[in-house]
Amino acid sequence: MREVCGLTTEQIASAFMLAPATMAQRIVRGKAKIRDASIPYQVPAREELHERIESVLAVCYLVFSEGYSTSSGESNTRADLTEEAIRLGRLLCALIADAEVFGLLALMLLHESRRPARTNVAGEVVVLEDQDRSLWNRAMILEALNLLSRALESGEVGTYTIQAAISAVHARSASAAETNWNDIVDWYDLLIQAAPSSIVELNRAVAIAMRDGPEAGLALVDSILDRGELTDYYLAHSARGELLRRIGNLSAAKASFERALSLAKQEPERRFLLSKIEQAVLRDSN
């Protein structure tokens with residue numbers, strides 16, 4: 001990721017939710033192992049591709065994720081990284097007929113299709129439910145839905161395919177109000193079984209909040225944070241702040257947004273959180 005794609009150690013560490021020093025040590029140890037064992041660079045034979053595909057897909061998606069939402073800096077996205085990841089995804093589809101390869105490319109295309117609507121003319125963040133869906137790239141969505149169908153028809157549903165299925169529910173919805181949150185929660189239930197993680201739990205909690213109300217989602221978010229997980233993950237505190245705002249607890253919402261702000265490193269996200277804090281203060285004063 002660093003040598004080929006140009007990501008910094010800090011960006012790679014953010015992708016793995018590790019401290020930069022920890023990731024730097026892993027990179028140094030990895031290089032030393034390759035050097036000491038004299039491991040040569042070899043292009044794998046075609047019959048070896050299936051054995052290695054999981055790691056390749058993981059790296060491809062991490063590169064895409066850094067481009068889709070940068071871990072720090074002035075910009076919200078980096079088109080060069082998302083475009084390169086999608087190019088690699090298309091190349092993988094040409095090399096190997098694998099359901100998860102189709103699922104990953106579908107997932108990246110569905111996310112990328114929303115790029116024109118994710119920021120306004122001033123460069124400020126626009127959340128999914130407020131996006132102008134007429135700006136979404138319909139050609140990308142159609143390509144993604146076709147790939148998703150191929151992946152689902154295989155009967156071997158993996159984590160990228162499940163995530164693509166979740167994104168497809170949004171893509172098929174004419175508006176935020178028409179989103180089928182039942183389907184999204186069902187897919188998240190399946191994703192938790194396939195790849196349990198606190199991040200997946202957080203996303204599922206947000207989906208449940210949209211389906212059952214903010215109180216239901218808030219209870220789940222609090223349970224994740226109470227376990228000591230995602231304590232330093234700004235999106236967990238941002239989500240908590242939004243759910244508190246929706247139930248009218250503005251002072252607690254402000255505190256959660258402030259905690260998120262203290263952890264966020266991306267400038268557009270920081271401005272978004274500042275606006276949320278200001279709105280909570282104004283509404284509370286009224």
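The expected span of a helix is 1.5 Å times one less than its number of residues. Keep that rule handy for two of the views below, and bear in mind throughout that this is a predicted model.

**View 1. Helix H9, from end to end.**
H9 covers residues 198-212, which makes 15 residues. From its first C-alpha to its last it reaches 20 Å, close to the 21 Å expected at 1.5 Å a residue. Which residues of H9 are buried? They are Ser198, Val200, Leu202, Ala205, Ala207, Ile208 and Ala209. These buried residues have helices to pack against: H8 (181-194), H10 (214-226) and H11. Just past the helix comes Gly213, and its phi is positive, near 115°.

**View 2. The whole chain, for orientation.**
Step back for a moment and you'll find 13 helices and zero strands. Written out along the sequence, the pattern is simply α-α-α-α-α-α-α-α-α-α-α-α-α. The chain has 286 residues, and 42% of them count as buried. Take the contacts with a separation of 6 or more: 57% of these are between residues 24 or more positions apart. As for the outside, the accessible surface comes to about 15000 Å², with 53% of that belonging to carbon and sulfur atoms.

**View 3. Arg240 and its surroundings in helix H11.**
Zoom in on H11, which runs over residues 234-246 and holds Arg240. Is Arg240 buried or partly exposed? Its relative accessibility is 23%, so Arg240 counts as partly exposed. Set aside the neighbours within four places in sequence, and Arg240 is in contact with Leu218, Val221, Asp222, Leu225 and Ser256. Val221 is 19 residues away from Arg240 along the chain, yet their C-alpha atoms are separated by 6.6 Å.

**View 4. Helix H6 and what sits at its two ends.**
H6 takes in residues 138-153, 16 residues in total. It reaches 22 Å from first C-alpha to last, close to the 22 Å expected at 1.5 Å a residue. At the N-terminal end, Asn137 acts as a cap: one of its side-chain oxygens lies 3.1 Å from the backbone nitrogen of Ala139. After the helix you meet Gly155, whose phi is positive, near 80°. In between, the buried residues are Ile141, Ala144, Leu145, Leu147, Leu148 and Ala151. What do they pack against? The partners are helix H4 (79-95), helix H5 (99-112) and helix H7 (159-172).

**View 5. A nonpolar patch that includes a residue of H6.**
Leu152 is also found in helix H6. With 32% relative accessibility, Leu152 counts as partly exposed, because buried would mean under 20% and exposed over 50%. Together with Val157 and Leu190, Leu152 makes a nonpolar surface patch of about 200 Å².

**View 6. Asp132, in the loop before H6.**
The last stop is the loop between H5 and H6, where Asp132 lies. Its relative accessible area is 41%, so Asp132 is partly exposed. Look for the side chain of Ser134 too: a polar contact of 2.6 Å joins it to the side chain of Asp132. Asn120 is another residue to pick out here, twelve residues from Asp132 in sequence and 9.8 Å from it in space, C-alpha to C-alpha.

Key:
Residues are numbered from 1 along each chain as its sequence is written. This is a predicted model: local features need pLDDT of at least 70, side-chain atom pairs count only at pLDDT 80 or more; totals for chains, interfaces and linings use all residues. Side-chain values use heavy atoms; hydrogens and water are left out. Helices (H or I, at least four residues) and strands (E, at least two) are DSSP runs, numbered from the N terminus. Buried means under 20% relative accessible area, exposed over 50%, partly exposed in between (1.4 Å probe, protein chains only). Contact means heavy atoms within 4.5 Å. A polar contact is a pair of N or O atoms within 3.5 Å; within protein, one must be able to donate a hydrogen and the other to accept it, and residues adjacent in sequence count only if both atoms are side-chain atoms. Patches are made of residues with over 30% relative accessible area and no salt bridge: like charges are joined within 9 Å, nonpolar side chains (Val, Leu, Ile, Met, Phe, Trp, Tyr) within 5 Å. Accessible areas come from the Shrake-Rupley method with a 1.4 Å probe; for residues, only the protein chains shown count as cover. A salt bridge is a side-chain nitrogen of Lys or Arg within 4 Å of a carboxyl oxygen of Asp or Glu.
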